[in-house]
Amino acid sequence: MGKYFGTDGFRGEANVNLTVEHAFKVGRFLGWYYGQDHKARVVIGKDTRRSSYMFEYALAAGLTASGADAYLLHVTTTPSVSYVTRTDDFDCGIMISASHNPYYDNGIKVINGRGEKLEAEVEAKIEAYIDGETGEVPLATGEAIGRTVDYAAGRNRYIGHLISLATRSFKDMKIGLDCSNGSASSIAKSVYDALGADTYVINNAPNGTNINTNCGSTHIEVLQQYVKDNKLDVGFAYDGDADRCIAVDENGNVVDGDLILYICGKYLKERGQLAGDTIVTTIMSNLGLYKACDKVGIKYEKTKVGDKYVYENMLQNGFQLGGEQSGHIIFSKHARTGDGILTSLMIMEVIMETKQTLAKLAEEVTIYPQLLKNVRVSDKKTARENPEVVKAVAAVTEALGDDGRILVRESGTEPVIRVMVEATTDEICEKYVDQVIDVMKKENLVVG
């Protein structure tokens with residue numbers, strides 16, 4: 001990871017460690033970089049945060065000052081920016097969002113011309129420009145100066161694309177949508193209404209400061225209660241930029257990303273449509289998912305945490321389905337990034353085609369209890385490689401056997417070691433997580 005760009009773009013608190021000056025420079029560099037041999041075209045989308053407007057204008061100013069034309073999708077989802085970028089031949093796309101973070105944070109995600117996350121080497125060049133290490137790029141003059149173009153039509157075309165993917169009507173289905181007061185607010189209801197669903201929508205009134213606040217996929221308990229209270233058939237919760245989806249079955253039970261991977265993976269495999277009979281997961285996926293996959297002959301890959309790594313594996317190996325427990329699911333036949341609304345439509349396809357409830361589809365997976373604790377340390381590498389810590393982790397691994405696992409990894413963004421244990425009971429998880437943390441404390445690795 002670079003100085004500014006992490007696994008999911010340049011993210012920080014608005015006007016604190018992510019400023020309009022940063023956004024302007026990102027725009028200046030991208031406008032010049034992609035416009036060296038032609039007039040660059042860049043499409044911009046944003047979520048509903050108060051600060052998204054100022055970043056939109058700063059990026060547009062930087063792009064046009066470098067001679068690029070900036071096309072504005074306005075409030076839209078991250079996957080829609082990816083879709084429009086690749087289908088309308090834009091040089092790159094930019095999404096202004098901090099995803100599931102609080103409203104006061106924001107971020108700049110850059111998407112390449114293929115609709116994928118920007119290459120690390122280009123991110124490094126942007127960072128070098130921001131820090132003044134590569135000198136100034138030329139300003140456009142005269143008729144070479146760029147312009148901004150209203151491109152709401154691109155978002156509408158994406159809505160049409162989603163609707164076209166449904167194989168049948170959702171008539172008589174009572175479907176709940178939690179739009180997290182974010183990007184899905186401008187799209188999700190339109191899609192489900194067009195497909196004939198009896199649509200129930202909550203958290204669909206963004207005001208700039210209520211995005212992700214006690215709503216959406218990070219506060220799934222709100223939708224759980226809503227589904228039960230209104231006797232809905234199914235519910236879907238999205239995050240701030242709608243690239244994630246967590247489902248709720250008719251009984252109010254959570255169906256997370258691991259369960260979604262199993263349900264959709266099994267459905268595709270049974271129809272001969274799961275490439276390599278393989279799904280791509282991260283190391284944080286639940287042991288219960290793997291045991292269920294083993295029973296039905298689904299193979300699986302494991303990557304580092306981050307949808308970026310999931311997609312890289314899918315791309316290299318030609319796999320079609322992958323994702324994370326958080327609900328970041330990629331269907332590579334239709335998208336180059338996680339897409340919450342697309343994911344909910346794919347779940348609906350399985351429900352409609354199999355004529356089974358979501359609870360029935362999910363019951364084949366027994367999710368193991370997981371416990372994750374973060375330990376603040378003075379040096380991550382030293383703490384993880386400490387001989388006594390390594391010995392303690394090995395002892396837990398042996399004790400758990402085939403009925404659990406332990407995972408100790410470094411945080412990518414904080415001076416923190418994450419200790420996760422998965423086992424048959426919560427008590428066992430607690431016991432072994434604390435056992436390893438106690439060793440870290442005895443070795444004087446823990447701070448604070």
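These exercises walk through the cavities, one sheet and the cysteines of a predicted model.

Residues are numbered from 1 along each chain as its sequence is written, and side-chain values use heavy atoms, with hydrogens and water left out. In this predicted model, local features need pLDDT of at least 70 and side-chain atom pairs count only at pLDDT 80 or more, while totals for chains, interfaces and linings use all residues.

**Exercise 1. Find the largest cavity and describe its lining.**

Step 1: Fix the term. A cavity is a set of points on a 1 Å grid over the protein atoms alone, where a 1.4 Å probe fits but cannot get out; lining residues have an atom within 4 Å of a point. A volume is the space filled by probe spheres set on the points, which are joined across faces, edges and corners.

Step 2: Search the whole structure. This gives 2 cavities of 30 Å³ or more. The largest has a volume of about 130 Å³.

Step 3: Look at the lining. It has 17 residues; Asp-8, Lys-109, Val-110, Lys-117 and Leu-118 are the closest to the centre. Strand E1 (5-6) and strand E6 (105-112) each give two or more residues. E6 has the largest share, 3 residues. Strands (E, at least two residues) and helices (H or I, at least four) are DSSP runs, numbered from the N terminus.

Step 4: Sort by class. The lining has 4 nonpolar, 6 polar and 7 charged residues. Here Asp, Glu, Lys and Arg count as charged; Ala, Val, Leu, Ile, Met, Phe, Trp, Tyr, Cys and Pro as nonpolar; the others, Gly among them, as polar.

**Exercise 2. Do the same for the second largest cavity.**

Step 1: Its volume is about 60 Å³.

Step 2: Its lining includes Tyr-83, Arg-86, His-161 and Asp-339. Helix H3 (78-87) gives the most, with 4 residues.

Step 3: By class, the lining has 5 nonpolar, 4 polar and 3 charged residues.

**Exercise 3. Trace the open sheet of 5 strands.**

Step 1: The order is E9-E8-E10-E11-E12, with mixed pairing. Two strands pair if DSSP finds at least two bridges between them.

Step 2: Strand E9 (198-202) and strand E12 (254-255) are the edges, each pairing on one side only.

Step 3: E8 (residues 174-178) and E9 run parallel, joined by 5 bridges. Ile-175 stands opposite Thr-199 in E9.

**Exercise 4. Count the disulfides.**

Step 1: A disulfide is a pair of cysteine sulfur atoms within 2.5 Å. The structure holds 0.

Step 2: Check Cys-245. The nearest cysteine sulfur, that of Cys-264, is 9.4 Å away.

Step 3: Check burial. Cys-245 is buried at 0% relative accessibility; buried means under 20% relative accessible area, exposed over 50%, partly exposed in between (1.4 Å probe, protein chains only). Cys-92 is buried, with a relative accessible area of 0%.

Terms used
1 Å grid on protein atoms, 1.4 Å probe; cavity = no way out; pocket = protein on both sides within 12 Å on 5 of 7 lines; lining within 4 Å.
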